[in-house]
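The following exercises concern helix packing, burial and charge pairing. Each task is followed by a solution in steps.

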Amino acid sequence: MKDFKFYAPTEVVFGKESEEQVAALIKKYGGTKVLVHYGGKSAERSGLLDKICGLLTEGGIPFVKLGGVVPNPRLSLTQQGIELCRREGIDFILAVGGGSVIDSSKCIGYGVPYEGNVWDFYLGKAKPKTMLPVACVLTIPAAGSEMSESSVITNEDGDVKLGYSNNLSRPKFAIMNPERTFTLPPYQTAAGVTDMMMHTMERYFTKDDDMDFTTDVAEAMLRSIKNAVFAVLKNPEDYRYRAQIMWGGSLMHNGLTGCGVEEDWATHQLEHELSGMFDVTHGAGLAAVWPSWARYVMHENLSRFVRFAVNVMDVPNDFTDPEGTALRGIEAVERFYHAIGMPVNICELIGRSITDEEIREMTRKCSRDNQRTVGGLKILHPADMEAIYKMARG
């Protein structure tokens, strides 16, 4: 078991009409002038954006708005946001949306007090000493950014998608009203569940088998979310199961399911190059990569894959054939992905087979020109990355 620190300072306000508390919460955490950051038309069409702005006005909190965040949020918009915050004297950022909006807000928060290019943090060239506080009104459960230290941004110059993690960026508060997720399209719901499950699976598949409590918690979360998604795909306004998904997405990426174990994150790193190159939905990209990664690395800890197959995917344990049990667990994940509308390879994801040249380019980017490895369960070198991309080609 690894020594660990668990830090989850975000105040969560969960439930119906929880957004009514937004002005009081901003004042509680010292905000006096706010950037309201959001995505596209859905925030406006749903009426949530107008409601939030109305509540800020009623609370005597001045604000400016910046919309336009897209999936795989762009560096160029965060640079606009940084300049806007400086010009307007913003001291607090409120994200209204999902993980992309929250990640974009975090990037803006890093950049406002920094004299250099905010991209320096994502390149590992600098570390922030301070940042503007960020909070959120969550509308899309998926990324877990509402309680995590992570931010992932796409630089359009070269289609490079990079993540940066720093505890400074953990939101001050997260408002979560499951009713705000009722109108999510089925594909977005399924992709979000895939993403949140992968946040725990990246921590679950480890060589560390002696932190039983963390493992038990992880398995319980995975089973609960796996069951809940079918309920909400059948009935989008099922508050009970929308609530399970919304809360689960936060707990699956606030660090709890990684306590005491070495984490992996290879699937996320491999997928970042897919969504960077093809601008695909992140959760769907994870589904397209994970089965091939799993088959490639499962012998690094075969018993772990057997346990997952039995305890999470309900595969009967054939004690005479652990490899077969593990493979049937991976196949069960593929059936689950197909059942909720997710792909299981890259061809299904983008509608065609990727070329060898595209594989080499993704490998080059993922390995930072052969300068880094990824993964924890199995350290992946560039040749391993290329092999997994080829397996996942479909």
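**Exercise 1. Packing of H10 and H16**

Helices H10 and H16 are roughly perpendicular to each other (angles of 65 to 115 degrees count as such, under 35 as roughly parallel, over 145 as roughly antiparallel, and the rest as oblique). The model is predicted: local features need pLDDT of at least 70 and side-chain atom pairs count only at pLDDT 80 or more, while totals for chains, interfaces and linings use all residues. Residues are numbered from 1 along each chain as its sequence is written, and side-chain values use heavy atoms, with hydrogens and water left out.

Task: state the angle and axis distance with which H10 and H16 pack, and identify the residues that meet.

Step 1. The angle between H10 and H16 (residues 382–391) is about 65°, and their axes are 11 Å apart. Axes are lines fitted to C-alpha atoms, for helices over the stretch in contact, and angles run from 0 to 180 degrees between N-to-C directions. Helices are DSSP runs of H or I with at least four residues, numbered from the N terminus.

Step 2. The crossing of H10 and H16 is right-handed (the near helix is turned clockwise from the far one by less than a right angle; anticlockwise would be left-handed).

Step 3. From H10, Gln269, Leu270 and Glu273 meet Met385, Ile388 and Tyr389 of H16. Contact means heavy atoms within 4.5 Å.

**Exercise 2. Packing of H7 and H9**

Task: determine how H7 and H9 cross, and which residues make the contact.

Step 1. The axes of H7 (residues 186–204) and H9 (residues 239–251) come within 10 Å and cross at roughly 40°. At that angle, H7 is oblique to H9.

Step 2. H7 and H9 cross in the left-handed sense.

Step 3. H7 contributes Thr189, Val193 and Met196 to the contact, and H9 contributes Arg242, Ile245, Gly248 and Gly249.

**Exercise 3. Surroundings of Thr363**

Task: decide whether Thr363 is buried or exposed, and list its contacts beyond four places in sequence.

Step 1. Thr363 belongs to helix H15 (residues 356–366).

Step 2. Its relative accessible area is 5%, so Thr363 is buried (buried is under 20%, exposed over 50%, partly exposed in between, with a 1.4 Å probe and protein chains only).

Step 3. With neighbours within four places in sequence set aside, Thr363 is in contact with Pro382, Met385, Glu386 and Tyr389.

**Exercise 4. Salt bridges**

Task: locate the partners of three salt bridges, namely Arg86 with Glu83, Glu263 with Arg203 and Asp216 with Arg307.

Step 1. The whole structure holds 25 salt bridges, each a side-chain nitrogen of Lys or Arg within 4 Å of a carboxyl oxygen of Asp or Glu.

Step 2. Arg86 and Glu83 pair at 3.1 Å, N to O. They are three residues apart in helix H4 (residues 75–88), and therefore separated by about one helical turn. Arg86 is partly exposed at 37% relative accessibility, as is Glu83 at 43%.

Step 3. The closest N and O atoms of Glu263 and Arg203 are 3.4 Å apart. Glu263 lies in the loop between H9 and H10 (266–278) and Arg203 in H7, so this pair ties together parts 60 residues apart in sequence. Glu263 is partly exposed at 29%, whereas Arg203 is buried at 4%.

Step 4. Asp216 and Arg307 meet at 2.9 Å, N to O. Asp216 is in helix H8 (residues 212–234) and Arg307 in helix H12 (residues 302–311), 91 residues apart.

Definitions and conventions
Helix = DSSP H or I, 4+ residues; strand = E, 2+ residues; numbered from the N terminus.
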